[in-house]
Amino acid sequence: MITVVGWDGQEFSARAVDKLREATLVVGPDAVLGQLRLSAPTAADGALLEVLDDHLEHGEGPAVVVAEGDPGFFGVVRTLRAHGLKPEVVPAISLITRAFARAGLNWEDALVVAPSGPGQIDRVVNACRAHPKVALLVAPGVGPGEIARELAPTTPRALIVCEDLGGPDERVTHSRMGEATTRPWKDPDVVLVLDPLHQPKEPGWLAGAQPGPAEWALPFEGALPPEVRAFILAKLGPRLGDLVWDVGAGEGEIAVECARMGAAVVAVERAEESCARLRANVLRHGVKVALTRGQAPPALEPLPDPDAVYVGGGGPDVVVACAARGPRALVCSLRKVEQVTAVLERLREHGYRGEGTQILASRLTLDPDGSHRLTASDPVFVVHATPAHTA
């Protein structure tokens, strides 16, 4: 019999105390076990599954696994069940609940991210770029300093750093991003990443990430017909945790649509008039888009690596510069069929497998006499590509 007991720094419940008294083995983090007065043999949780398998094999009585907070929330319960064990669970208050309580904030509209290591920092940062309220369960290599360093300077955020929650050295610090990168932190548990300019909307029915948009291909007055935009979005696949570049963004049709789907977006545009209309579209639709004004390819150099790229202008050299950054999807629109072959060849040279599609949309229009007729738009050629090794 295995019982998982959550501990939040407070007194154990009567049920948890009974389980600990009955235990013939208690497994948990050294820092936690060191604060408990236990009579049963203990073991560190570095080799949790091996220790439990050996204990169960020898039939040595009930075992207890002590975990911080609610062990069913990004905790050890998932690990045990994946191993074929079905533990009884006695939860405590989760670190996330405690962090928002200490900050005096509601959190039904927050995203909660729990990276398993430094390799996931990009997805965490992209979620912080796209969402106004994110709670980060700190992991090695993904803490307040790393998050602040990646977000600056394009994404201003306020940080609330929670250290030793529930413990004797509990500290909750409101920090600017510059301070977070230089200040020495003492084992932070949770970082709340907040957009100080965000205006909360009416309460919703869903906690965390909100439902996706009700429709794609909004009625913009831009250069791309909505039918083409819908196809481009399908090939880009923007999602929460992704960073999308919209290069040669124009009025931001693709940028806005990707942001509505939860992705972090950087729009690159050189024309001031287009930038002004792009800003207006972003405000009108209430999304977050970082705007970089400049000419690609040079304007792309300081940007963080993208997961997906749409190229709306700039020619083969811009497409090559984007491919060099290794996105999982690269899509570009072209007005002349002669351009398609050149772009496909350049993509192939840089390790991408691409396809081309011509999209010609015809719409029903109403004549003054009440009859309908089809009006065709100009054809658009869309090249969409993925790395050859994943095709």
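1. Phe73 is partly exposed, its relative accessible area being 28%. Phe74 is also classed as partly exposed, at 42% relative accessibility. The model is a predicted one, and the points below should be read with that in mind. A search over the whole structure returns two aromatic pairs. One of them joins Phe73 and Phe74: the ring centres are 5.1 Å apart and the planes stand at 80°, so the pair is edge-to-face.

2. The other pair is formed by Phe100 and Trp107, with 5.8 Å from centre to centre and 10° between the planes, and it is stacked. Because planes under 30 degrees apart count as stacked, the angle of 10° places Phe100 and Trp107 in that class. How does the accessibility of Phe100 compare with the classes: buried or exposed? Phe100 has 0% relative accessibility and counts as buried. Its partner Trp107 is partly exposed, at 30%.

3. On the overall picture, the secondary structure of the protein consists of 13 helices and 19 strands. Along the principal axes, the C-alpha atoms fill a box of roughly 85 × 50 × 45 Å. The protein has 391 residues, of which 45% are buried. Take the contacts between residues at least 6 apart in sequence: 62% of these join residues at least 24 apart.

4. Helix α10 covers residues 253–260. Seven of its eight residues are buried, so α10 is largely enclosed by the rest of the structure. The buried residues are Glu253, Ile254, Ala255, Val256, Glu257, Cys258 and Ala259; two glutamates, Glu253 and Glu257, are therefore on this list, since each falls under 20% relative accessible area. What do the buried residues of α10 pack against? Their partners are the helices α9 and α11 (272–285), together with the strands β11 (243–247), β12 (264–269) and β14 (308–311). After α10 comes Gly262, which has a positive phi, near 105°.

5. One of those partners, helix α9 (residues 226–236), can be described in detail. The axes of α9 and α10 come within 11 Å and cross at roughly 50°, which makes α9 oblique to α10. The crossing is right-handed. On the α9 side, the contact is made by Arg229, Ile232, Leu233 and Leu236, and on the α10 side by Glu253, Ile254, Glu257 and Cys258. By class, these are five nonpolar, no polar and three charged residues. An α-helix has 3.6 residues a turn, so residues three or four places apart point the same way. The four contact residues from α10, namely Glu253, Ile254, Glu257 and Cys258, also appear among the buried residues of that helix.

6. Helices α6 (residues 121–130) and α7 (residues 144–151) form another packed pair. Their axes come within 10 Å and cross at roughly 65°, and α6 passes α7 in a right-handed crossing. Which residues meet here? From α6 they are Ile121, Val124, Val125, Cys128 and Arg129, and from α7 they are Glu146, Ile147, Glu150 and Leu151. The contact of α6 with α7 divides into six nonpolar, no polar and three charged residues.

7. Further along the chain, helix α12 (residues 316–323) and helix α13 (residues 337–349) have axes that come within 10 Å and cross at roughly 25°. That makes α12 roughly parallel to α13. The crossing is right-handed. Pro316, Asp317, Val319, Val320 and Ala323 of α12 make the contact with Val343, Arg346 and Leu347 of α13. The class count is six nonpolar, no polar and two charged residues.

8. A last point concerns Val17, which sits in helix α1 (residues 14–22). Val17 is partly exposed, with 24% relative accessibility. Val5 lies 12 residues away from Val17 along the chain, and the C-alpha atoms of the two are separated by 9.3 Å.

Note on methods. Residues numbered from 1 in each chain as written. Predicted model: local features only at pLDDT ≥ 70, side-chain atom pairs only at ≥ 80, totals over all residues. Heavy atoms only, no water. Phe/Tyr/Trp six-rings, centres within 6.5 Å; stacked < 30°, edge-to-face > 60°. Buried < 20%, exposed > 50% of the residue type's maximum accessible area, 1.4 Å probe, protein only. Axes fitted to C-alpha atoms, helices over the stretch in contact; angles between N-to-C directions. Parallel < 35°, antiparallel > 145°, perpendicular 65-115°, else oblique. Left-handed = near helix turned anticlockwise from the far one by under 90°. Contact = heavy atoms within 4.5 Å. Nonpolar A, V, L, I, M, F, W, Y, C, P; charged D, E, K, R; others polar.
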